[in-house]
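Q: I have a structure open and would like to learn how to read it, one feature at a time. Where do we begin?

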Amino acid sequence: MLLLILLVAVVVVVAVALTIGLVATTRRRTPDAPPPAGDASVITEAPPAETSTEAPAEEPGASVTTLERPEGTASRLVRLRQRLAGSQGGLGRGLLALLSRDRLDEDTWEAIEDTLLTADIGVAPTQQLVGNLRTRLRVEGSEAGDPRAVLRDELITLVDPTMDRRLQVSGADGMPGVVLVVGVNGTGKTTTVGKLARILVAEDRTVVLGAADTFRAAAVDQLATWGERVGVEVVRGPEGSDPASVAFQAVQEGVDRGIDTVLVDTAGRLQNKAGLMDELGKVKRVIEKQAPVTEVLLVLDATTGQNGLVQARVFSEIVDVTGIVLTKLDGSAKGGIVVAVQKDLGVPVKLVGLGEGPDDLAPFDPGAFVDALLG
């Protein structure tokens, strides 16, 4: 009987132990169930975490300095030389066809003169070029050499490779270089300022832009866009504000921050000639209270031909133009305006614009230009 009681007690103990074990196991497994759910919550939270990480990443994106890296001068020269050759080869081919005739009579020389005048080279340069060609091809005869080589030599001489075409974008004694950009509205003046800023940024120079064409809100906004694309600060004022004041603030900013170059865009309302000239003179005087103007670039539309010379004379009367920028030279421009404007003003063409792209502005190379004319 006692044995039976002990057996029953053992069975009860075992049953209780099993029950407690099951309960304990269940309790242990209950916390174990969330790990998958816990993993799922991490994955669910990950996208917000990534989103919150990407949101601040927009700040570097908004810092446009890293958005665009302007093209270097060497590569753009190669590309623009090819484009120029495609648009300007007609003049050279026409001249070569005339010069290659078996007999260079008066009718031929008159045809050569007409071809040069049609290309906007101008009367005096045309007479100079024809006179030199006559001497070398008619007098020297076969000793002059290949007509193409002779024409190339004389055209390069006419374009004058001895002119100093360096851009004066550096100041002295720690002051910034100050570049004043002038020209008639519609010539691509504001666009040229933006493209020039890209060239300077590509050369690792610090730049500030002054939006002093305050009478055109579109020009101010356009310049601001150019600046944002390469991380360059643009100093601007309210629409219709004093242009000289904006220019002064831009140069002051450049001086205070130790900037390399300050580019100042100006108004170009030629229909109000007297007011415009007075305004440009005032802008230049106000700027020079802080730092000397190191370069005055006149922007001309190459497609306007001889009309561009009239504009050039007007601007040169009030500001000391030190360099010419010829835009739209890839279009219907005939190329001879390069020679004409240099001869008329005694000022070198320093930059040429050959397209609508942001990097379609390059230093003017006389040899490359002549080669492009000859095709």
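**Strands, helices and salt bridges**

A: Begin with strand β4 (residues 261-265): five of its five residues are buried, so the strand is largely enclosed by the rest of the structure. Keep in mind that this is a predicted model.

Q: Which residues of β4 lie on one side, and which on the other?

A: Thr261, Leu263 and Asp265 lie on one side, Val262 and Val264 on the other. Every one of these is buried, so both faces of β4 are covered, with buried meaning under 20% relative accessible area.

Q: Which strands pair with β4, and in what sense?

A: Strand β1 (residues 177-182) runs parallel to β4 and is joined to it by five bridges. Strand β2 (residues 207-211) also pairs with β4 in the parallel sense, over five bridges. To find the register, look at individual partners: Val181 has Asp265 as its bridge partner in β4, and Val208 stands opposite Val262.

Q: How does the chain look as a whole?

A: The protein chain has 13 helices and eight strands. Of its 375 residues, 44% count as buried. The exposed surface is about 18200 Å², and carbon and sulfur atoms supply 56% of it. Among contacts between residues at least 6 apart in sequence, 77% join residues at least 24 apart.

Q: How do I read a helix?

A: Start with the general geometry: an α-helix has 3.6 residues a turn, so residues three or four places apart point the same way. Then compare length with span. Helix α9 has 15 residues and reaches 21 Å from its first C-alpha to its last, close to the 21 Å expected at 1.5 Å a residue.

Q: Which residues of α9 are buried?

A: Pro243, Ala244, Val246, Ala247, Ala250, Val251 and Gly254 are buried. They cover an arc of only 165° around the axis, which puts them on the same side of α9. Just after the helix, Gly258 takes a positive phi of about 70°.

Q: How does α7 read by the same steps?

A: Helix α7 (residues 189-202) has 14 residues and reaches 20 Å from first C-alpha to last, close to the 20 Å expected at 1.5 Å a residue. The helix is mostly covered, with 13 of its 14 residues buried. Asp204 follows α7 and has a positive phi, near 65°.

Q: What should I look for in a salt bridge?

A: Side chains of opposite charge can pair when their charged atoms come close. With a cut-off of 4 Å between the side-chain nitrogen and the carboxyl oxygen, the count here comes to 18 salt bridges. One of them joins Arg257 and Glu253, at 3.6 Å from N to O.

Q: Why are Arg257 and Glu253 separated by about one helical turn?

A: Because they are four residues apart in helix α9 (residues 243-257). Arg257 is partly exposed, with a relative accessible area of 46%, and Glu253 also counts as partly exposed, at 24%.

Q: Which salt bridge partner of Lys350 should I look for, and how far apart are the atoms?

A: Look for Glu295: the side chains meet at 2.9 Å, N to O. This pair links distant parts of the chain, Lys350 being in strand β7 (residues 349-353) and Glu295 in strand β5 (residues 295-301), 55 residues apart. Lys350 counts as buried at 5% relative accessibility, and Glu295 counts as buried at 1%.

Q: Is Lys328, in its salt bridge with Asp301, buried or partly exposed?

A: Lys328 counts as partly exposed, at 32% relative accessibility, whereas Asp301 counts as buried, at 9%. In their salt bridge the closest N and O atoms are 3.2 Å apart. The pair links distant parts of the chain: Lys328 is in the loop between β6 (323-327) and α12 (337-345), while Asp301 is in strand β5, 27 residues away.

Q: Which residues are linked in a network of salt bridges?

A: Lys189, Asp213, Arg216 and Asp265 are linked in one. Asp265 is also one of the buried residues of β4.

Q: How would I describe the surroundings of a single residue, say Glu279?

A: Place it first: Glu279 is in helix α10 (residues 273-287). Then check the cover: Glu279 counts as buried, at 14% relative accessibility. Last, list the contacts: leaving aside neighbours within four places in sequence, Glu279 is in contact with Phe215, Pro243, Ala267 and Arg269. Pro243 is also among the buried residues of α9.

Key. Residues numbered from 1 in each chain as written. Predicted model: local features only at pLDDT ≥ 70, side-chain atom pairs only at ≥ 80, totals over all residues. Heavy atoms only, no water. Helix = DSSP H or I, 4+ residues; strand = E, 2+ residues; numbered from the N terminus. Expected span 1.5 Å × (residues − 1). Buried < 20%, exposed > 50% of the residue type's maximum accessible area, 1.4 Å probe, protein only. Contact = heavy atoms within 4.5 Å. Areas by Shrake-Rupley, 256 points an atom, 1.4 Å probe, with all protein chains shown as cover. Pairing = 2+ DSSP bridges. Arc of directions from axis to C-beta.
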